[in-house]
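I opened my notebook to get to know a new structure. Come along and look over my shoulder.

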Amino acid sequence: MRAGREGAGAQGRGEKGGDGGGAHLPPFGRPDPPVNPLLALPIEFVGSFPDPLVRLDPPLPEVALIGRSNVGKSSLVNALVGRPGLARVSGTPGKTTLLNAFRLPSLYLVDLPGYGFARAGKAARAGYRRLIMRYLGERSTLAGVVWLLDVRHPPSRDDGEIQELLIASGRPVLAVLTKADKLTRSARAVRARELASALGLRDDQVQLTSSSSGQGIAELGQSILAIGERP
Ligand code: GDP
């Protein structure tokens, strides 16, 4: 609504003044928008693995992505690396229990299986928990974890269980709030603060993103590269 009126006003001024010669005020200048460094890098799919302690060759630091099924993880990976279709965007989530590894020059991105699949039975849930516990607890090359949460929903019981595993592992965590485009701008900021507080995270540990609009993707790419390069 407001954007529409502003647009019409700008057009009106243009019509009245023509090109106006020197009528335009010089711009003050704005900082350049952040650039996603991952877009300039080669990336390859290494493989899918059932073993949380699989050895990847060459050994490099790795950054894991974890989140509830349908949270938007595949879409985010595709947006991050600028390769639609690299990670599968799925309509039937939660079927896989494999780790998918992608290699960048200086690190691996490891896409962990989604959790909280509604139809998963008790045994499958216990198996998932064991897999993630071992991965988070024992993987010496793990530099940090990107934890995806849908910005629209309060943390679920499954999110709470993952949070406990993350805390126990002591790994650096960045919480990424997905699908920001589904909320108004003001609601996004409110939800981000609420979720940060509910999860006991500092505001700078929370990144709003949208794979649809591109919001926050460049900043996330920068954070991933930086954590992978930490000594
Ligand atoms: P995954 O199961 O976590 O890998 O989730 P997907 O990437 O397969 O996405 C699940 C659904 O959410 C799909 O229908 C996507 O199109 C949709 N989705 C993912 N990211 C976004 C986003 O940023 N904005 C919107 N509006 N929809 C999204």
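**Entry one: a helix with two sides.** I started with the side of α3 turned away from its buried residues, and there I found the exposed residues Lys122, Ala123 and Arg130. A reminder to myself: this is a predicted model.

Next I looked up the whole helix. α3 runs over residues 122-138, and its 17 residues reach 24 Å from the first C-alpha to the last, close to the 24 Å expected. Then I asked which residues of α3 are buried. I noted Tyr128, Leu131, Ile132, Tyr135 and Leu136. Down the axis of α3 these buried residues fall within an arc of 115°, so they line one face of the helix. I jotted down the general rule too: an α-helix has 3.6 residues a turn, so residues three or four places apart point the same way.

**Entry two: what lies over it.** I checked what covers the buried residues of α3, and the list includes β2, β3, β4, β5 and α4.

**Entry three: the cores.** The largest nonpolar core has 37 residues, and Ile66, Ile132, Trp147 and Ile162 have the most contacts inside it. α3 gives the most to this core, with five residues. I followed Ile162 further: beyond its neighbours within four places in sequence, Ile162 is in contact with Ile66, Tyr115, Tyr128, Ile132 and Trp147. I also found a second, separate core of 23 residues, with Val81, Val146, Leu225 and Ile227 among them.

**Entry four: the ligand.** Which residues come nearest to the ligand? Of the 15 around it, they are Asn70, Lys73, Ser74, Ser75 and Asp181. A polar side-chain atom of Ser74 sits 2.6 Å from a ligand oxygen atom. For Asp181, I noted 2.7 Å between a side-chain N or O atom and a nitrogen atom of the ligand.

Definitions and conventions: Residues are numbered from 1 along each chain as its sequence is written. This is a predicted model: local features need pLDDT of at least 70, side-chain atom pairs count only at pLDDT 80 or more; totals for chains, interfaces and linings use all residues. Side-chain values use heavy atoms; hydrogens and water are left out. Helices (H or I, at least four residues) and strands (E, at least two) are DSSP runs, numbered from the N terminus. The expected span of a helix is 1.5 Å times one less than its number of residues. Buried means under 20% relative accessible area, exposed over 50%, partly exposed in between (1.4 Å probe, protein chains only). The arc is that of the directions from the helix axis to the C-beta atoms. Contact means heavy atoms within 4.5 Å. A nonpolar core is a set of buried Ala, Val, Leu, Ile, Met, Phe, Trp, Tyr and Cys residues joined through side-chain atoms within 4.5 Å. A residue is near a molecule or strand if one of its heavy atoms lies within 4 Å of it. A polar contact is a pair of N or O atoms within 3.5 Å; within protein, one must be able to donate a hydrogen and the other to accept it, and residues adjacent in sequence count only if both atoms are side-chain atoms.
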